[in-house]
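Okay, thanks everyone for coming. I'd like to walk you through one protein chain today, starting with a term we'll need and then working from one residue out to the whole fold.

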Amino acid sequence: MNKKTTTPPTKLHIRKGDSVVVISGNHKGAKGTVVKVYPKTQRAIVEGVAIVKRHIKATAQRPDGGIVEKEAPLYLSKLMVIDPSAEPDAKNAGTRIGRRKNAEGKYERYAKKSGQVIPNK
């Protein structure tokens with residue numbers, strides 16, 4: 001069974017290390033840090049969000065087997081970067097992302113809500 005894959009855009013609005021908020025779905029309002037991004041499938045793993053239980057078969061490395069909790073990937077469209085100037089516990093901390101050239105001529109990401117540059121982590 002083949003999984004559907006979409007052609008990834010040239011640039012994604014989410015990067016590894018970004019602080020994000022979930023804007024829709026069962027985990028709406030949850031905040032966390034992006035651990036890994038999968039551009040091909042348009043998903044990302046967010047630390048502490050979308051925890052699922054996986055049943056692990058006993059192997060030589062893990063003789064007991066058991067049930068392991070881990071983060072499941074979320075669609076990028078459900079995630080929004082947190083504005084650097086927003087208060088830590090604000091409800092509407094998410095912001096859209098823009099790109100502009102800085103003084104050296106390199107592109108930088110900025111928060112459209114406040115205009116602040118989003119640092120690369």
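So, a definition to begin with: a residue counts as buried when its relative accessible area is under 20%. Keep that in mind, and keep in mind too that what you see on screen is a predicted model.

Now take Y110. Is Y110 buried or exposed? Its relative accessibility is 19%, and the cut-off is under 20%, so Y110 counts as buried. You'll find Y110 in strand β10, which covers residues 107-111. And what does Y110 touch, if we skip its neighbours within four places in sequence? There's a run of contacts with R96, I97, G98, R99 and R100, and then another with G115, Q116, V117 and I118. For a sense of distance, look across to K53: Y110 and K53 are 57 residues apart in sequence, and their C-alpha atoms are 36 Å apart in space.

Let's zoom out. How many helices and strands does the chain have? Zero helices and ten strands, so reading from the N terminus you just get β-β-β-β-β-β-β-β-β-β. The radius of gyration is 17 Å, while the globule rule gives 14 Å for 121 residues, so the chain is more spread out than a compact globule. Along its principal axes, the C-alpha trace spans about 55 × 35 × 25 Å. Of the 121 residues, 27% count as buried. The accessible surface is about 8800 Å², and 50% of that belongs to carbon and sulfur atoms.

A quick word on charge. There are 26 positive side chains and 10 negative ones in the chain, and the centres of those two sets sit 10 Å apart.

Next, the sheet. Six strands make an open sheet in the order β6-β3-β2-β1-β7-β8, and the pairing is antiparallel. Which strands are at the edges? Those are β6, residues 74-75, and β8, residues 94-95, each of which pairs on one side only.

Start from the β8 end. Strand β7, residues 79-82, pairs antiparallel with β8 over two bridges, and I82 stands opposite G94 in β8.

Now go to the other end. Strand β2 is residues 31-38 and strand β3 is residues 43-46; the two run antiparallel and four bridges join them. One pair to click on is Y38, whose bridge partner in β3 is R43. R43 also faces the other way, so to speak: its bridge partner in β6 is Y75. That fits with β3 and β6 pairing in the antiparallel sense over two bridges.

β2 and β3 form a hairpin with four residues between them, and Q42 is in that loop. What is the phi of Q42? It's positive, about 60 degrees, although Q42 is not a glycine. Why point that out? Because most residues other than glycine have a negative phi.

A50 is another one to look at. Its phi is near 60 degrees, again a positive value in a residue other than glycine. A50 is in the loop between β3 and β4, with β4 at 51-56. With a relative accessible area of 7%, which falls under 20%, A50 is buried.

One last number, on contacts. Among those between residues at least 6 apart in sequence, 42% join residues at least 24 apart. That's it from me, thanks!

Methods. Residues are numbered from 1 along each chain as its sequence is written. This is a predicted model: local features need pLDDT of at least 70, side-chain atom pairs count only at pLDDT 80 or more; totals for chains, interfaces and linings use all residues. Side-chain values use heavy atoms; hydrogens and water are left out. The radius of gyration is taken over C-alpha atoms; the globule rule is 2.2 Å times the number of residues to the power 0.38. Buried means under 20% relative accessible area, exposed over 50%, partly exposed in between (1.4 Å probe, protein chains only). Contact means heavy atoms within 4.5 Å. Accessible areas come from the Shrake-Rupley method with a 1.4 Å probe; for residues, only the protein chains shown count as cover. Lys and Arg count as positive and Asp and Glu as negative; His and the chain ends are not counted. The place of a charge is taken as NZ of Lys, CZ of Arg, CG of Asp or CD of Glu. Two strands pair if DSSP finds at least two bridges between them.
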